[in-house]
Amino acid sequence: MGKPMMGGLMEERSILGEGPEHAARQMAMVFTLGAVLAVVGLLTAPPGEKGKLLVVSLLAAITAVATWWIPWGRLDPRAPLALCLPVLLLLAYCTGTFQGGSIGTAPFLTLLFVWVGLHFSTAAVLILGPVAGVAYVTPLVLDHRGALVISGAVMFVPAVMSVGVLLSRQMDHQRRDRDTIRRMERWRAALTATLAHDVRSPLTSVQFALETLDEDDGDLAEGQRHELIAMALRQTNRIRRLAASLLDAERVDSRGLQLDLHSIPLRPAVDEAVGYLTAPVGVAVSDDLTVRVDPQRLEQILVNLAANAIRHGAPPIVISAEPTGHGMVAIHVRDHGPGVPRDKRDLLFARFSSADTSPESVGLGLWITRELALAHGGDVRYTPADPGSCFTVIVPAAGPAPT
């Protein structure tokens, strides 16, 4: 079947976001329907077939009960696909045992493909097709039902496969649409929460500083006035950083993030970025390293990572760099603090990450840092140090301009 098809089979999904219990209980209802129809058939069946119908009814009823009560939620999401086996066995038995069995079992074969198409991938439908074809056609061949009946059954299987494929593809589209809507809703909720928290708090501080200065009749000492002004400026810068982060996030989402690439020496760029920080940061970068980057975006990356190390780590904080040997340069930002807890590492680069619990954080810095690195053709990764943390950003080394 090939890797793409098997990958599709591994990508389980269920209608309307339900779990495997929902799919299994739908199939339990199909088994129940089969059991009821078999019991009804006992009323009009010839004496020689009543025992066979009774067997079919009992097997279908037992399978329905077992299917309903199995704890599918504890199993793999693809586990309900195993129910195709008892369905095909019962269909094969009925098709080969009863006169006109292919006509009577055709609706259940259709239901089987509809069920698989609704709940599982297109690959699952395609894999089921040949198996169902063998189970449906072989009893007819063994019973010598005639070329017309057999050819009709052979043509019927691809038809119901097509139904399953169409349903599966449609459900894939609906699933992607639902995922898009969920992401938009999460983004809107996160944006609202961020604005409510990260704008209201600094605005309150700025308002307090301005009101205090406005009501001052000369009682405030010069140092106190400068302290209030400095506080207001810090909070204003915080709002500015939030606005810039949200603008960058919108540009990333809309693919509007543009880079102005230049070949620049790395050491002066690192020295300039370090100059914006509020704590000493060591620089151990060779003077002969050059990179091809957007200088402003590189500065944003370095300031984000170094500020993160200052806020969460401990000195000494050092920025170093080295060529990777693959046309890229690795820039390391290392601190000697407690490091990132293991349960937070998977959240580090998530948008509106909860890994950073600092009240100064807007939860976008590391996410934007990675997006900027990816836009350059690189990446950002975290590795634990002993002690501390090390964030490494990969950017292209200077060379011929990319085509």
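## Strands 2 and 4

Let's start with strand 2 and strand 4 (residues 318–323): the two run parallel and are joined by three bridges. This is a predicted model, so keep that in mind as you click around.

Which residue in strand 4 is the bridge partner of Gly282? Look for Val318. You can also find Val283, which stands opposite Ile319 in strand 4.

## On to strand 5

Strand 4 also pairs with strand 5, this time in the antiparallel sense, and six bridges hold that pairing. To see one matched pair, find Ala321 in strand 4 and look across to Ile331 in strand 5.

How many residues lie between the strands in the hairpin of strand 4 and strand 5? There are four, and in this hairpin Gly325 takes a positive phi near 90°.

While you're looking at strands, here's a handy rule: side chains in a regular strand alternate between the two faces of the sheet.

## The whole sheet

Now zoom out. These strands belong to an open sheet of five strands in the order 2-4-5-7-6, and its pairing is mixed. Strand 2 (282–284) sits at one edge and strand 6 (379–384) is the other edge strand, each pairing on one side only. On average, neighbouring strands here are turned by 20° against each other, if you ignore direction.

## Helices against the strands

Which strands does helix 10 touch? Helix 10 covers residues 266–274 and packs on the sheet, touching strand 2, strand 4 and strand 5 (328–334). Its direction makes about 175° with that of strand 2.

Then there's helix 12, made of residues 365–375, which lies across strand 6 and strand 7 (389–396). Helix 12 runs at about 125° to strand 6.

## The protein overall

Stepping right back, the protein has 12 helices and seven strands. It is made of 403 residues, and 39% of them count as buried. About 21,900 Å² of the protein is exposed, with carbon and sulfur atoms supplying 62% of that area.

And how do contacts spread along the sequence? Take the contacts between residues at least 6 apart in sequence: 72% of them join residues at least 24 apart. The pairing of strand 2 with strand 4 is a good place to go back to, with Gly282 and Val318 as bridge partners.

Technical notes: Residues numbered from 1 in each chain as written. Predicted model: local features only at pLDDT ≥ 70, side-chain atom pairs only at ≥ 80, totals over all residues. Heavy atoms only, no water. Buried < 20%, exposed > 50% of the residue type's maximum accessible area, 1.4 Å probe, protein only. Contact = heavy atoms within 4.5 Å. Areas by Shrake-Rupley, 256 points an atom, 1.4 Å probe, with all protein chains shown as cover. Pairing = 2+ DSSP bridges. Axes fitted to C-alpha atoms, helices over the stretch in contact; angles between N-to-C directions.
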